[in-house]
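Reader: I have just opened this structure and would love a friendly tour. Could we go through it together, one question at a time?

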Amino acid sequence: MLLVVVLVTAWAAGLQRSGPDPTAGAPAGSTDAVRLGPEPGEDVGAYLARIAAVPAPGDPTPRLALVQFDATLTPQAAASAVGNATPLRAVVRVPFPRVQTALREIDLQPAPPEAALRAALTTAAGQAAQDATVAAPGSRRSAVATAEAAVLGRPDCGCLVAVVVRVAPADVAALRARPGVRAVQVAPPDATRNRLAVSPLLPEQGPGRADGPVVGPVPDDGPVPPTG
């Protein structure tokens, strides 16, 4: 499994993968990637209206969809939020106020949803610890990564901002209405996991929320939480 880690600037790049993937229809890095999530600079209200207006497809074949949460969730809460949809990829971020932390996309292992999401946090913790070792000693980035690793190492970390799922079109309306779900963006019928780039709406973004009504860079002027 290959992780792609990017500093959160409220939009993330796509990712490359290796190994067989039964849902892959094109090589990783294909230029015709399907992007899910708001565009940089997009008004959050306009984004939510745009994805809600997509009509339910007539084809009953399950589709990929980006489930974006109203707040960062624990593995148990995230598993409950997606209901009967099949989670395939977790999007993880430690929500330190006004601190740019990494947005991590992690493919889930075959397991019950809650267990798979807990394992994703463990993987993310290891990645954060590695980030801390390669950052300049004493730098803000090193301190942030160290703090991230400490939080992600907790099994009930509320650090899941979104999950990519496979869902039947007929079940999308019910998924959108589930507790904890803020938005669901359904991919086109021909989208495959290797051609999917996600950039989820962050819980802090939106009218009346900490980062305001427009999708933009996450502020990075807050203190880094101590790890002791």
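Reader: What share of the contacts in the protein with a separation of 6 or more comes from residues 24 or more positions apart?

Author: Happy to start there, and please keep in mind that this is a predicted model. The count takes in contacts with a separation of 6 or more. Within that set, the share that joins residues 24 or more positions apart is 78%.

Reader: How sure is the predictor, and which stretch has pLDDT below 50?

Author: The mean pLDDT of the protein is 87, and 85% of its residues reach 70 or more. One stretch has pLDDT below 50, although it has 85 contacts in the model beyond near neighbours in sequence. That stretch is residues 1–30.

Reader: In what pattern do the helices and strands follow each other along the sequence?

Author: The protein has 5 helices and 8 strands. Read from start to end, they give β-β-α-β-α-β-β-α-α-β-α-β-β.

Reader: Which element gives the most residues to the largest nonpolar core?

Author: In soluble globular proteins, nonpolar side chains tend to be buried together. Here the largest nonpolar core has 39 residues, and Phe69, Val92, Leu152 and Val165 have the most contacts inside it. Elements that give two or more residues to this core include β3 (63–73), β4, α4 (140–152) and β6 (160–167). The top contributor, with 7 residues, is α3.

Reader: How many residues are in the other core?

Author: This other core lies apart from the largest one. Leu36, Leu66, Val164 and Ala187 are among its members. Its size is 16 residues.

Reader: Which residues does Val92 contact, leaving aside its neighbours within four places in sequence?

Author: Val92 is among the residues with the most contacts inside the largest core. Once its neighbours within four places in sequence are set aside, its partners are Ala102, Leu103, Arg104, Ile106, Leu121, Ala124, Leu152, Cys159 and Leu160.

Reader: How far apart are the end C-alpha atoms of α3?

Author: α3 has 22 residues, and at 1.5 Å a residue it should span 32 Å. Its buried residues include Leu117, Leu121 and Ala128. The distance between its end C-alpha atoms agrees with the expected span, at 32 Å.

Reader: Is Ala79 buried or exposed?

Author: Ala79 lies in helix α2. Not counting residues up to four places away in sequence, Ala79 touches Pro113, Glu114 and Leu117. Its relative accessible area is 14%, and the cut-off for buried is under 20%. Therefore Ala79 is buried.

Reader: Which two residues form the disulfide?

Author: A search of the whole structure finds 1 disulfide. The two sulfur atoms are 1.7 Å apart. Both partners count as buried, because one has a relative accessible area of 3% and the other is at 1%. They are Cys157 and Cys159.

Reader: What is the phi of Arg98, a residue other than glycine?

Author: Most residues other than glycine have a negative phi. Arg98 sits in the loop between β4 (86–92) and β5 (102–107). At 42% relative accessibility, Arg98 is partly exposed. Its phi is positive, near 55°.

Reader: To finish, what percentage of the residues in the protein is buried?

Author: The protein exposes about 10000 Å², with carbon and sulfur atoms supplying 59% of that area. As for burial, the count runs over 228 residues. The buried portion is 48%.

Methods. Residues numbered from 1 in each chain as written. Predicted model: local features only at pLDDT ≥ 70, side-chain atom pairs only at ≥ 80, totals over all residues. Heavy atoms only, no water. Helix = DSSP H or I, 4+ residues; strand = E, 2+ residues; numbered from the N terminus. Buried < 20%, exposed > 50% of the residue type's maximum accessible area, 1.4 Å probe, protein only. Contact = heavy atoms within 4.5 Å. Areas by Shrake-Rupley, 256 points an atom, 1.4 Å probe, with all protein chains shown as cover. pLDDT = per-residue confidence, 0-100. Disulfide = S-S within 2.5 Å. Core = buried A, V, L, I, M, F, W, Y, C linked by side-chain atoms within 4.5 Å. Expected span 1.5 Å × (residues − 1).
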